[in-house]
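Thank you for making time this morning. I would like to walk you through one structure, beginning with a single side chain and working outwards to the whole chain.

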Amino acid sequence: MRNWYAIEAIPLYAVIGLAVGGATWYLARLARGPTVVWTKNNPTPWNDVKPDENTKLMDPSGKLSKSWSRDRL
């Protein structure tokens, strides 16, 4: 039976779809970081981060007790 797409290209579609999805997730994650300013209400949001808050994706040392989160974009 003939298909409208090439069967051999299915892994290529999967890899490209995964790469685009990963890039979109990473850019969305970067856009919500503590150093990105989207509004003029709080021009210095990095001053709200406490010394014991983690702003990274992962804390390998485990020294930071809580994780920073943005209240609103």
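**Starting from one tryptophan**

Let me begin with Trp 4, which has a relative accessibility of 80% and therefore counts as exposed, since the cut-off for that class is over 50%. Before I go further, please keep in mind that what you have in front of you is a predicted model.

Which partner does Trp 4 have in its aromatic pair? A search of the whole structure finds one aromatic pair, and in this pair Trp 4 is joined with Tyr 5 in an edge-to-face arrangement, with 5.1 Å from centre to centre and 80° between the planes. Tyr 5, for its part, counts as partly exposed because its relative accessibility is 31%.

These two residues also belong to a nonpolar patch on the surface, which is formed by Trp 4, Tyr 5, Ile 7, Ile 10 and Tyr 13 and has about 610 Å² of accessible area taken together. One member of that patch, Tyr 13, is found in helix α1, which covers residues 10–31.

That brings me to the overall layout. The secondary structure of the protein comes to one helix and two strands, and from the N terminus on the elements follow the order α-β-β. How does the confidence of the prediction vary among these elements? Helix α1 has the highest mean pLDDT, at 95, whereas strand β2, at residues 66–67, has the lowest, at 68. Over the protein as a whole the average pLDDT is 79, and 73% of the residues score at least 70.

Next, consider the loop between α1 and β1, the latter being residues 53–54, since this loop is where Val 36 lies. Is Val 36 buried or partly exposed? With a relative accessibility of 23%, Val 36 counts as partly exposed, because buried would require a value under 20%. The C-alpha atoms of Val 36 and Trp 46, which are ten residues apart along the chain, are separated by 8.6 Å.

Finally, some totals. Of the 73 residues of the protein, 10% count as buried, and the protein exposes about 6500 Å², of which carbon and sulfur atoms supply 62%. As for contacts in the protein with a separation of 6 or more, 37% are accounted for by residues 24 or more positions apart.

I will stop there, and I am happy to go back to any part of the model with you.

Methods. Residues numbered from 1 in each chain as written. Heavy atoms only, no water. Patch = residues over 30% accessible without salt bridge, like charges linked within 9 Å, V, L, I, M, F, W, Y side chains within 5 Å. Areas by Shrake-Rupley, 256 points an atom, 1.4 Å probe, with all protein chains shown as cover. Salt bridge = Lys/Arg side-chain N within 4 Å of Asp/Glu carboxyl O. Helix = DSSP H or I, 4+ residues; strand = E, 2+ residues; numbered from the N terminus. Phe/Tyr/Trp six-rings, centres within 6.5 Å; stacked < 30°, edge-to-face > 60°. Buried < 20%, exposed > 50% of the residue type's maximum accessible area, 1.4 Å probe, protein only. Contact = heavy atoms within 4.5 Å. pLDDT = per-residue confidence, 0-100.
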